[in-house]
Amino acid sequence: AVPMDFVPAGLAGRRTPPPNPLPGAERGQNPFGEGLTPPYRKLARPLLPDPVAEPAAYLAAAFSWPRWLADRWLARFGPEECHRLGFWFNAPPPLWLRSNALKTDREALRLRFAADTIPVETGPHPQSLKLGGSHSVRDLPGFADGAFAVQDLSSMAVASALAPEPGWRVLDLCAAPGGKTTHLAELMRNRGQIVACDIEQRRLNTVTTLCHRLGVTIVEPHLLDKVATEPPPGPFDAALVDVPCSNTGVLGRRPEVRWRIHPNEFEHLIRLQTRLLFTAVDRVKPGGVVVYSTCSIEPDENEGVVKAVRRGIMSLKVEAEGHAVPGSPADGGYWARLRKA
């Protein structure tokens, strides 16, 4: 017997009462009152596979994961962490905002929201704010005048890891939709040059639109042909390569990804990621910095790609790495800061 409106893990299909019975139930009394029907239904068959006997099948069914992903994560994380990830990815993701350092600061923006009784709290990144409740972003105070950008906490860490200085020339190799691009410009105090590359004009247009709203003027869009066109020649002082990936760190925001990606695609993705990182390193001057990042939590797309490129460029040094764990407290992802000798 289970509640009609909720089937908790481990109870599906059982004919035993749920744990922590209501007062009087253990004495055979109806805890809901004489003559009233308890809000439980008996199920003719189990709703889900047995979580003990078939843990991967249970995870796949309970959290709507493809079976290959359930097998992959169960072997890597174990059942307890898989359950936590499952609930995190199936819940509405929090809305994080990045205060625009070119126009305001986080405290001023927080007070602006507070004046409109909009619940908000600061996050661990110095520009981060997390909104409570449900809101139309375009209707928030400060949207029209570019006081903030919508960006997840884990993504804010990437531009900060590159730490570009005003006056630098920076290559952003996979720029759209522009959240990290504009963050770089803010950190550079809108002085210098950012060459923002992407393979689709439509996607580059989103970068330009975001720059206009935030007051960023140092970004130069650069369209790349999917086959032939190379990024602009260097030397650049620094490069950001936020590569296409499996998106396994952001399944809550992109739920369709779990069914779009297939295990045989990792080989193609890793080849592409490796090539892009080699290209970025090649464009950076000696002594320059490259940040490689993904929104994946798969080691072969993250540390594996960095190790492969370092085998080809022995002088490339890893200065720092960051792993964002989904739900702790935002999306999952990875970045590595590399120094070219």
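A crossing of two helices is right-handed if the near helix is turned clockwise from the far one by less than a right angle. That term comes up in two of the views below, and everything shown here belongs to a predicted model.

**View 1. The whole chain, before zooming in.** The protein chain has 341 residues, and 45% of them count as buried. Its secondary structure runs to 10 helices and 13 strands. Take the contacts with a separation of 6 or more: residues 24 or more positions apart account for 69% of these. On the outside, the accessible surface comes to about 16900 Å², with 55% of that belonging to carbon and sulfur atoms.

**View 2. Helix H9 against helix H10.** Here H9 (residues 266–283) and H10 (residues 303–312) cross at roughly 50°, and their axes come within 10 Å. Angles from 35 to 65 degrees fall outside the parallel and perpendicular classes, so H9 is oblique to H10. The crossing is right-handed. On the H9 side, look for Ile-270, Gln-273, Thr-274, Leu-277 and Phe-278; H10 answers with Val-305, Val-306, Ala-308, Val-309 and Gly-312. Sorted by class, that contact holds seven nonpolar and three polar residues, with no charged ones.

**View 3. Helix H1 against helix H2.** The second pair is H1 (residues 55–63) with H2 (residues 67–77), whose axes sit 8 Å apart at an angle of about 125°. That angle makes H1 oblique to H2. H1 passes H2 in a right-handed crossing. From H1 come Pro-55, Ala-56, Ala-57, Leu-59 and Ala-60, and they meet Arg-67, Ala-70, Asp-71 and Leu-74 of H2. The class count for this contact is seven nonpolar residues and two charged ones, with no polar residues.

**View 4. Arg-258, an arginine tucked away in helix H8.** Arg-258 is found in H8 (residues 257–260). Its relative accessible area is 4%, so Arg-258 is buried. What does Arg-258 contact, once its neighbours within four places in sequence are left aside? The partners are Phe-63, Ser-64, Trp-65 and Pro-66, along with Phe-89, Asn-90 and Leu-251. Pro-66 is worth picking out: Arg-258 and Pro-66 are 192 residues apart along the chain, yet their C-alpha atoms are separated by 6.7 Å.

**View 5. Two cis peptide bonds, each leading into a proline.** One of them joins Ala-176 and Pro-177, with omega at about 5°. Pro-177 lies in the loop between strand E7 (169–172) and helix H6 (179–187). The other runs from Ser-328 to Pro-329, and there omega is near 0°. To find Pro-329, go to the loop between strand E12 (317–324) and strand E13 (333–339).

**View 6. Helix H6 under cover.** How many of the nine residues of H6 are buried? Eight are, which leaves the helix mostly covered. The buried residues are Gly-179, Lys-180, Thr-181, Thr-182, His-183, Leu-184, Ala-185 and Glu-186. Charged side chains are thus on the buried list too, Lys-180 and Glu-186 among them. After H6 comes Arg-189, with a positive phi near 55°.

**View 7. The loop after helix H6.** Arg-189 lies in the loop between H6 and strand E8 (193–198). Its phi, near 55°, is a positive value in a residue other than glycine. Arg-189 counts as exposed, at 56% relative accessibility. Arg-191 lies in the loop between H6 and E8 as well. With 47% relative accessibility, Arg-191 counts as partly exposed, because exposed would mean over 50%. Setting aside its neighbours within four places in sequence, Arg-191 is in contact with Pro-166, Gly-167, Trp-168 and Ile-218. Arg-191 and Thr-217 are 26 residues apart in sequence, with 8.5 Å between their C-alpha atoms.

**View 8. Thr-117, out in the open with a positive phi.** Thr-117 has a phi of about 55°, which is positive although the residue is not a glycine. Its home is the loop between helix H4 (106–115) and strand E4 (120–122). Buried or exposed, then, for Thr-117? At 70% relative accessibility, Thr-117 counts as exposed.

Key. Residues numbered from 1 in each chain as written. Predicted model: local features only at pLDDT ≥ 70, side-chain atom pairs only at ≥ 80, totals over all residues. Heavy atoms only, no water. Axes fitted to C-alpha atoms, helices over the stretch in contact; angles between N-to-C directions. Helix = DSSP H or I, 4+ residues; strand = E, 2+ residues; numbered from the N terminus. Parallel < 35°, antiparallel > 145°, perpendicular 65-115°, else oblique. Contact = heavy atoms within 4.5 Å. Buried < 20%, exposed > 50% of the residue type's maximum accessible area, 1.4 Å probe, protein only. Areas by Shrake-Rupley, 256 points an atom, 1.4 Å probe, with all protein chains shown as cover.
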